[in-house]
Amino acid sequence: MALALSLGARGQGRTWPNPSVGCVIVKDGRILGRGWTGPGGRPHAEVVALEQAGGAACGATAYISLEPCAHHGKTPPCAEALIAAGIVRVVTALTDPDPRVCDAGHAMLRAAGIAVTTGVLEAEARAAHRGFLLSRTAGRPAVTLKLAASFDGRIATASGESRWVTAPEARKMVHALRARHDAVMVGGGTARADDPLLTVRGLGIRHQPVRVICARRLDLPAEGHLAGSLDSAPLWLCHGSSAPGAACEFWRERGARLLPVATGGDGQLDPAEILQTLGQAGLTRVFCEGGGVFAAALLSAGLVDDLVGFTAGVVFGAEGHPSLGAMGVTSLCKAPRFRLVDVHALGPDILHVWTRD
């Protein structure tokens, strides 16, 4: 099952709206086939592994990181494929919460006389499939927030100088993290101030995540990197009802996808509505790179599932620009808390990963 989970991780960022599943076919202690979900969600991991195993799959055990599907969609049910191949035992990590499946796959296998074991490495599978699970149970993608800052939590000096706070190793890791998510998201302030490209570069990867910009009035640079790179990576723009018609038409004509989003009581785009909109569009994993005000809004709304921090050994002092905007936290017990998952040196910087239970 650990191998199945590691295989599934290879497809992260490329299978949405489907989960990235891993499957391993084993008989007599020998691996006969292995697979993971293909780009766009097809072929499914079970089909890939069964094709690799061929006729030897008869009498084998299948280890799958998520319950096999039981419904006819764009592909036939994987549960039927396992039955037809002569698999005698299926081990899964999780039940699929999708109403079209939700234990129906397990039931189909049992009805065919196949032994079914569930819940193996369930906690690890829940973490791996968090985005897909949230998309089915809460209607939104999982959010990973990245913060790169000085030792004292600053992203720029008092004069605004910020390139570069962290070293090349950290920046390369950011590109790898982008590649493992369905989308990279920033607020309009960051898009205006930094004019970021938000693509995956330097890794030899052709696939590009969706770029999501949340700008209430669509007041984005018309001659910047975003407008000039629509042929190389998708661009989705979340905007409010106050966005001028001319701006909407400008970006629509250039190939951007416009997503209207309701505003909250403060007049800004409602973070929960943003994520619901992205969930309806099929996204399951979003990598947020700020800015500080937008990140603070997501944290305050309880919508950040994982934190990835890059801390550099440099100090800017109180006059430097903070990595987060105001959150209105007046007591310690109300501050968002996360559990440490990993920490290690990355070049001259520290990488630390945190998760919300």
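How many Å separate the centres of domain 1 and domain 2, taken over C-alpha atoms? In this predicted model, the answer is 34 Å. The domain assignment splits the protein into domain 1 (1–127) and domain 2 (141–356). Where the two parts meet, the contact takes 5 residues from domain 1 and 13 residues from domain 2.

Domain 1 can be looked at alongside the database record. An unreviewed UniProt entry gives residues 1–116 the annotation "domain: CMP/dCMP-type deaminase". Helix makes up 28% of that span and strand 20%, and its end C-alpha atoms sit 14 Å apart. The unreviewed UniProt entry also places a "binding site" feature at His 44, Cys 69 and Cys 78. These residues are spread over 35 residues of sequence, yet they cluster in space, with a largest C-alpha distance of 9.3 Å.

What surrounds the two cysteines of this site? Leaving out residues up to four places away in sequence, Cys 69 touches His 44, Pro 76, Pro 77, Cys 78, Ala 79 and Val 101. With the same neighbours along the chain left out, Cys 78 touches His 44, Glu 46, Val 47, Pro 68 and Cys 69. So His 44 turns up in the contacts of Cys 69 and in those of Cys 78, and the cysteines also touch each other. Their settings can be told apart by element: Cys 69 is found in the loop between β3 (61–64) and α3 (78–84), while Cys 78 belongs to helix α3. Cys 69 has a relative accessible area of 10%, so it counts as buried, the cut-off being under 20%. Cys 78 is buried too, because its relative accessibility is 1%.

Now for the empty spaces. Just 1 cavity of 30 Å³ or more is counted, and about 140 Å³ of space lies in it. Its lining is built from 18 residues, and Gln 12, Pro 19, Ser 20, Ala 128 and Arg 285 lie nearest its centre. Two or more lining residues come from each of α1 (2–9) and α6, and α1 gives the largest share, 3 residues. By type, the lining holds 6 nonpolar, 10 polar and 2 charged residues. Where does this cavity sit? Both domains give residues to its lining, so the cavity lies between them.

The second largest pocket has a volume of about 710 Å³. Its lining counts 27 residues, with Ala 127, Arg 180, Asp 306, Val 341 and Val 353 nearest the centre. Among the elements that each supply at least two of these residues are α5 (122–128), α7 (168–179), β6 (142–149) and β16 (349–355). The largest share, 4 residues, comes from β15. Sorted by type, the lining has 11 nonpolar, 7 polar and 9 charged residues. This pocket also lies between the domains, because domain 1 and domain 2 both give residues to its lining.

Strand β6, one of the elements supplying the pocket lining, contains Lys 146. Is Lys 146 buried or exposed? With 14% relative accessibility, Lys 146 counts as buried. Leaving out residues up to four places away in sequence, Lys 146 touches Val 174, Phe 287, Cys 288, Glu 289, Val 308 and Phe 310. Lys 146 and Val 353 are 207 residues apart along the chain, but their C-alpha atoms are separated by 9.3 Å. Val 353 is one of the residues that lie nearest the centre of the second largest pocket.

Methods. Residues are numbered from 1 along each chain as its sequence is written. This is a predicted model: local features need pLDDT of at least 70, side-chain atom pairs count only at pLDDT 80 or more; totals for chains, interfaces and linings use all residues. Side-chain values use heavy atoms; hydrogens and water are left out. On a 1 Å grid over the protein atoms alone, a cavity is a set of points where a 1.4 Å probe fits but cannot get out, and a pocket is an open set with protein on both sides within 12 Å along at least five of seven lines; lining residues have an atom within 4 Å of a point. Grid points are joined across faces, edges and corners, and a volume is the space filled by probe spheres set on the points. Ala, Val, Leu, Ile, Met, Phe, Trp, Tyr, Cys and Pro count as nonpolar, Asp, Glu, Lys and Arg as charged, and the others, Gly among them, as polar. Domain bounds come from an automatic or database domain assignment. UniProt positions are given in the numbering used here, feature names are shortened, and annotations may be inferred rather than shown by experiment. Buried means under 20% relative accessible area, exposed over 50%, partly exposed in between (1.4 Å probe, protein chains only). Contact means heavy atoms within 4.5 Å.
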